[in-house]
Amino acid sequence: MASTLLEAAVINQPTIHKLPHGLTIIAEQMPVEAVNLNVWLNVGSTRETDEINGMAHFLEHMVFKGTPNLQIGEFEYLIEQRGAVTNAATSQDYTHYYITTAPKDFAELAPLQLDVVLNPSLENEAFEREKLVVLEEIRRSEDNPRRRTFYRAMETCFNNLPYRRPVLGPSEVIANLRSEQMRDFHYHWYQPTCITATVVGNLPVEELIDTVTRGFEEHVAYENYHSPLSTDYCLIFEPPFKDIIRKEYVDESLQQARIVMMWRVPGMQHLEETYALDILAVILGQGKVSRLFRDLREEKHLVTQIGVSNMTHTHQGVFYISAQLPTENIDKVEKAIAEHIRRIQNEPIAEKDIERIRTQVANRFIFANERPSDRANLYGYYYSQLQDLTPALNYPENIKSMEASDLQAAAQKYLDPDAYGIVVMKPAS
């Protein structure tokens, strides 16, 4: 059943079109009365130095603060006037901007999106005003217990890779940034060779590509064109933990304790190594029939929440187990999680469990790619990070190819029950 659904979900093979100056356009016609344009840039917080940590996210804010052609607020007004929507997001590895429009409005509105991305004014007065907004966002983030726990976890997991830093950056760094630094950052990274434009919706593929091409040609400044130098050479894979690295904190805002256990695992640059870990995350802690949820929450009542994710960053991933629990249960839960991993290493997972996960993952893929924006996100994410769409299209097939022996081997190789990072956040006594 999953295979049939998958075949129905993939309507067309997307078309990849490269312009001479390096911009990649990925287009697909989809019979839904909307068009989504997603502009993906291969730049996030990993491209920053410590001195400008948070610049990529701050720049995402400033992109919407006017261009030489558009006053501040005019872009949003023109978008909303047509009932379209726009937004953006920044992560460690990428930044992306998108609009969703009616097909009849796409040719008029798409060039506006390209204008704000390629030609932001970045004026000092607007820069200083928006800096206050970003500082408030950082403050709210630091007031969030879940975010605080995550930040502590990433600092513990990585010694050198920039994944240890928050995407928003520290407030003391943001407070001292200057608009000239942002202009330099934009000039260096917002270049055609760093951009993947994905466009999906109910217009012919040729028309989608032509609209994006014309919009790009209209707004790119060729006198500023250059190929950014790669900084990937300094991003070195960190080895697995050799023993247990424990960090404990007291957090007065908490009502219950929180723990996070982490293992360093491969990222997208070694994608073939991640599929088994994706399945193990589901088996251990995603859903009400997962092992940790059933054992530690439903049967033993040791935790109030527990979950597992395999976080696949571009350069290196994190296998991440988090739980919320009474303080007195911390030791029991840590030992129980380690024991579950040890059991997976030593006992092959039952075929019925693997088959359930295969179906679950295949269906999630289908359900998550029904809209033009979903499909454009899928293509943009994979191509911007890997310059290849094949893994995006073949993800369910790769999951379905995993056998019990593959899962056991991945657990033995990457999830050592006696060596991991752990962060413990305790409420005040």
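The mean pLDDT of the protein is 92 in this predicted model, and 94% of the residues reach a value of 70 or more. A stretch where the confidence stays low lies at the beginning of the chain, since pLDDT remains under 50 over residues 1-11. For residues 1-11 the model nevertheless contains 18 contacts beyond four places in sequence.

The secondary structure of the protein consists of 16 helices and eleven strands. The radius of gyration is 23 Å, close to the 22 Å that the globule rule gives for 429 residues, and the protein is therefore as compact as a globular protein of that length. Measures of extent along the principal axes accompany this value, the C-alpha trace spanning about 60 × 55 × 40 Å. Of the 429 residues, 56% count as buried. When contacts between residues at least 6 apart in sequence are considered, 83% of them join residues that are at least 24 apart.

With regard to the surface, the protein exposes about 19000 Å², of which 50% is supplied by carbon and sulfur atoms. The protein carries 41 positive and 60 negative charges, and the mean positions of these two groups are 7 Å apart.

Two residues other than glycine were examined for their backbone angles. Leu 122, which is not a glycine, has a positive phi of about 55°, and this residue is found in the loop between helix 4 (106-118) and helix 5 (124-142). Because its relative accessibility is 3%, and residues under 20% are classed as buried, Leu 122 counts as buried. His 301 likewise has a positive phi, near 55°, in a residue other than glycine, and its place is in the loop between helix 11 (291-299) and strand 9 (305-311). The relative accessible area of His 301 is 58%, and since values over 50% are classed as exposed, this residue is exposed. Thus a positive phi occurs in Leu 122, which is buried, and also in His 301, which is exposed.

A further residue, Thr 101, is found within a strand, namely strand 5, which comprises residues 95-101. With a relative accessibility of 4%, Thr 101 falls under the 20% limit and so counts as buried. When residues up to four places away in sequence are not counted, Thr 101 touches Ala 34, Val 35, Ala 84, Phe 106 and Leu 109. Among these partners of Thr 101, Phe 106 and Leu 109 lie in the range of helix 4 (106-118).

Terms used:
Residues numbered from 1 in each chain as written. Predicted model: local features only at pLDDT ≥ 70, side-chain atom pairs only at ≥ 80, totals over all residues. Heavy atoms only, no water. Helix = DSSP H or I, 4+ residues; strand = E, 2+ residues; numbered from the N terminus. Rg over C-alpha atoms; globule rule 2.2 N^0.38 Å. Buried < 20%, exposed > 50% of the residue type's maximum accessible area, 1.4 Å probe, protein only. Contact = heavy atoms within 4.5 Å. Areas by Shrake-Rupley, 256 points an atom, 1.4 Å probe, with all protein chains shown as cover. Lys, Arg positive; Asp, Glu negative; His and termini not counted. Charge placed at Lys NZ, Arg CZ, Asp CG, Glu CD. pLDDT = per-residue confidence, 0-100.
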